[in-house]
Amino acid sequence: MKPQEAPGALEIVRSFANTLDLEHGTDQLTDAAGLAAWCRQHLPEVSPPALRDAVALRTALRDAIDGDPALLDAIAAAQPLRLRLGGQSALLTAGEDATDPLAARLLAVVAVAALDGTWERLKLCPAEDCRWAFYDHARNRKGVWCQMSECGNRRKVRDFRARRAAAG
């Protein structure tokens, strides 16, 4: 099985993007309890935002991973952020009118990943029935499928059958 985990804190972003599992038809963000459970497991210091904000953030992250950062840019623009260095360094929302600490935390991870070159390796599987976020560990950075043995193979079989049907 191909490793899919992202390095360091980027794994938290990948995990959040994968709270929606199209292949199994599950969504961990269907209610506030699911969101709270995810936050407790992955970011216990962050209080969960409103459910609709979390779902919008997940959609924006998945779009950005897939090459369309417009929604994520809009969410980032709405975050009043400040940097704290020393002790436990962090990028935090600023002031009492902080809008979404979960978004600020995940955006900080994305910003660091964009700077260190790991963001471009986070990808969505192109299989329409999958769309799983995975980290491309291929040396040439050309990995396409989350699992070649599953999604890639299904696609190749479908293409083969379509060519065979068209030929004859």
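Start by selecting Cys-39, which is buried at a relative accessible area of 1%. Keep in mind as you go that this is a predicted model.

**Stop 1: the cysteines**

Now jump from Cys-39 to Cys-146 and show its sulfur. Which cysteine sulfur is closest to the one in Cys-146? That would be the sulfur of Cys-130, 3.6 Å away, and this is too far for a bond. The cut-off for calling a disulfide is 2.5 Å between the sulfur atoms, and by that rule the count comes to 0 disulfides. Cys-146 itself is buried, with 4% relative accessibility. Leave Cys-130 displayed, since the tour comes back to it.

**Stop 2: zoom out**

Colour by secondary structure and take in the whole chain. You should be looking at 6 helices and 6 strands. Walking from the N terminus, the elements come in the order α-β-β-α-α-α-β-β-α-β-β-α. The protein has 168 residues, and 38% of them count as buried. If you draw a contact map, take the contacts with a separation of 6 or more: 49% of those join residues 24 or more positions apart.

**Stop 3: helix α1**

Select residues 10-17, which make up helix α1. How many of its 8 residues are buried? The number is 7, so the rest of the structure largely encloses this helix. To see them, pick Leu-10, Ile-12, Val-13, Arg-14, Ser-15, Phe-16 and Ala-17. Then bring up what covers them: the cover includes the helices α2 (32-42), α3 (51-65) and α5 (101-116), along with the strands β1 (20-21), β5 and β6.

**Stop 4: α1 against α2**

Hide everything but α1 and α2. Their axes come within 11 Å and cross at roughly 160 degrees. Anything over 145 degrees counts as roughly antiparallel, and α1 and α2 are therefore roughly antiparallel to each other. The crossing of this pair is right-handed. For the contact, show side chains for Ile-12, Ser-15 and Phe-16 on α1, and for Leu-35, Trp-38 and His-42 on α2. Sorted by type, the contact of α1 with α2 has 4 nonpolar residues, 2 polar and no charged.

Stay with Ser-15 for a moment. Ser-15 sits in helix α1 and counts as buried at 16% relative accessibility. Setting aside neighbours within four places in sequence, what is Ser-15 in contact with? Its partners are Trp-38 and His-42.

**Stop 5: Arg-58**

Bring α3 back and pick Arg-58, which lies in that helix. Is Arg-58 buried or exposed? With a relative accessible area of 4%, Arg-58 is buried. Put a distance label from its C-alpha to that of Val-13: the two are 45 residues apart in sequence and 9.0 Å apart in space. Now expand the selection around Arg-58. Leaving out residues up to four places away in sequence, Arg-58 touches Phe-16, Ala-17, Thr-19, Leu-20, Asp-27 and Leu-29. Two of these names, Phe-16 and Ala-17, are also among the buried residues of α1.

**Stop 6: Leu-22 and a long-range meeting**

Next, select Leu-22, in the loop between β1 and β2 (26-27). Leu-22 is partly exposed, with 40% relative accessibility. This is where Cys-130 returns: the C-alpha atoms of Leu-22 and Cys-130 are separated by 5.4 Å, although their positions lie 108 residues apart along the chain. Beyond residues up to four places away in sequence, Leu-22 touches Glu-128, Asp-129, Cys-130 and Arg-131.

**Stop 7: two arginines with positive phi**

From Leu-22, move to Arg-131, in the loop between β5 (122-124) and β6 (133-135). Check the backbone here. Most residues other than glycine have a negative phi. Arg-131 is not a glycine, yet its phi is positive, about 55 degrees. Arg-131 is also buried, with a relative accessible area of 16%.

For the last pick, go to Arg-141, in the loop between β6 and α6 (148-167). What is the sign of phi at Arg-141? It is positive here too, at about 60 degrees, and Arg-141 is not a glycine. As for burial, Arg-141 counts as partly exposed at 37% relative accessibility.

Terms used
Residues numbered from 1 in each chain as written. Predicted model: local features only at pLDDT ≥ 70, side-chain atom pairs only at ≥ 80, totals over all residues. Heavy atoms only, no water. Helix = DSSP H or I, 4+ residues; strand = E, 2+ residues; numbered from the N terminus. Buried < 20%, exposed > 50% of the residue type's maximum accessible area, 1.4 Å probe, protein only. Contact = heavy atoms within 4.5 Å. Axes fitted to C-alpha atoms, helices over the stretch in contact; angles between N-to-C directions. Parallel < 35°, antiparallel > 145°, perpendicular 65-115°, else oblique. Left-handed = near helix turned anticlockwise from the far one by under 90°. Nonpolar A, V, L, I, M, F, W, Y, C, P; charged D, E, K, R; others polar.
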